[in-house]
Amino acid sequence: MTDTEAPPRVLVVDDAATVRLYHSSLLLEAGFQVDEAANGLEAVEAAMATPFDLFVVDVNMPKMNGYTCVENLRSETVATDAPVLMISTEDRPGDADRAYAAGANLYLVKPVTGERLIRIATMLTAGRGTPA
């Protein structure tokens, strides 16, 4: 967890630059600090170097998919207790269960409105800082 006086720090993880930009812009406008990663491997490396208050993670990404990314975030190597929100186009039976088994706190199917993303990000980061 980061400083409770600072805005919550969010890592947006998605291989699609337009989706990263969309989610990052919404979160920045709502007062969150935002960093980005283009795949799960970059996210794990970032999490080992920087404490985050929330991860927003896609499922289908090159190098390391979202499920493996979340498993690594929850492993002894990274050991983050920060909430993980997975957002994906995958809506097959079992997709959400697989996300929860990996360690995600919430699984949403795209598209997710900006209002809903901010409301959920605020809820998941409660007590982890205050959006500026």
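This briefing describes the fold, the surface and several individual residues of one chain. The model is predicted, and its secondary structure comes to 5 helices and 5 strands. Read along the sequence, these elements follow the pattern β-α-β-α-β-α-β-α-β-α. The radius of gyration of the chain is 13 Å, close to the 14 Å that the globule rule gives for 132 residues, so the chain is as compact as a globular protein of that length.

**Overall dimensions, burial and charge**

- Along its principal axes, the C-alpha trace of the chain spans about 40 × 35 × 25 Å, and buried residues make up 48% of the 132 residues.
- When contacts between residues at least 6 apart in sequence are considered, 66% of them join residues that are at least 24 apart.
- The accessible surface of the chain comes to about 6400 Å², and carbon and sulfur atoms account for 52% of that area.
- There are 10 positive and 19 negative side chains in the chain, and the centres of these two sets lie 3 Å apart.

**Helix H5 and its packing**

- Helix H5 covers residues 114-124, and its buried residues are Gly 114, Leu 117, Ile 120, Ala 121 and Leu 124.
- These buried residues lie on the same side of H5, because they cover an arc of only 135 degrees around the axis.
- As background to this arrangement, an α-helix has 3.6 residues a turn, so residues three or four places apart point the same way.
- On the other side of H5, Glu 115 and Met 123 are exposed.
- The buried residues of H5 pack against one helix, H1 (17-29), and against the strands S3 (54-57), S4 (84-88) and S5 (106-109).

**Arg 20 in helix H1**

- Arg 20 has its place in helix H1, and with a relative accessible area of 14% this residue is buried, since the cut-off for that class is under 20%.
- Leaving aside residues up to four places away in sequence, Arg 20 touches the acidic residues Asp 14, Asp 15 and Glu 36, together with Val 12, Ala 37 and Ala 38.

**Thr 68 in helix H3**

- Thr 68 lies in helix H3, which covers residues 66-74, and at 30% relative accessibility this residue counts as partly exposed, because the value falls between the 20% and 50% cut-offs.
- Although Thr 68 and Val 44 are 24 residues apart along the chain, their C-alpha atoms are separated by 9.8 Å.

**Backbone geometry in the loops**

- A cis peptide bond, with omega of about 0 degrees, joins Lys 110 and Pro 111, and Pro 111 is found in the loop between S5 and H5.
- Lys 63, a residue other than glycine, has a positive phi near 70 degrees, and its place is in the loop between S3 and H3.
- At 72% relative accessibility, Lys 63 counts as exposed, because the cut-off for that class is over 50%.
- Ala 79 likewise has a positive phi, here of about 55 degrees, although it is not a glycine, and the place of Ala 79 is in the loop between H3 and S4.

Notes:
Residues numbered from 1 in each chain as written. Predicted model: local features only at pLDDT ≥ 70, side-chain atom pairs only at ≥ 80, totals over all residues. Heavy atoms only, no water. Buried < 20%, exposed > 50% of the residue type's maximum accessible area, 1.4 Å probe, protein only. Helix = DSSP H or I, 4+ residues; strand = E, 2+ residues; numbered from the N terminus. Arc of directions from axis to C-beta. Contact = heavy atoms within 4.5 Å. Rg over C-alpha atoms; globule rule 2.2 N^0.38 Å. Areas by Shrake-Rupley, 256 points an atom, 1.4 Å probe, with all protein chains shown as cover. Charge placed at Lys NZ, Arg CZ, Asp CG, Glu CD.
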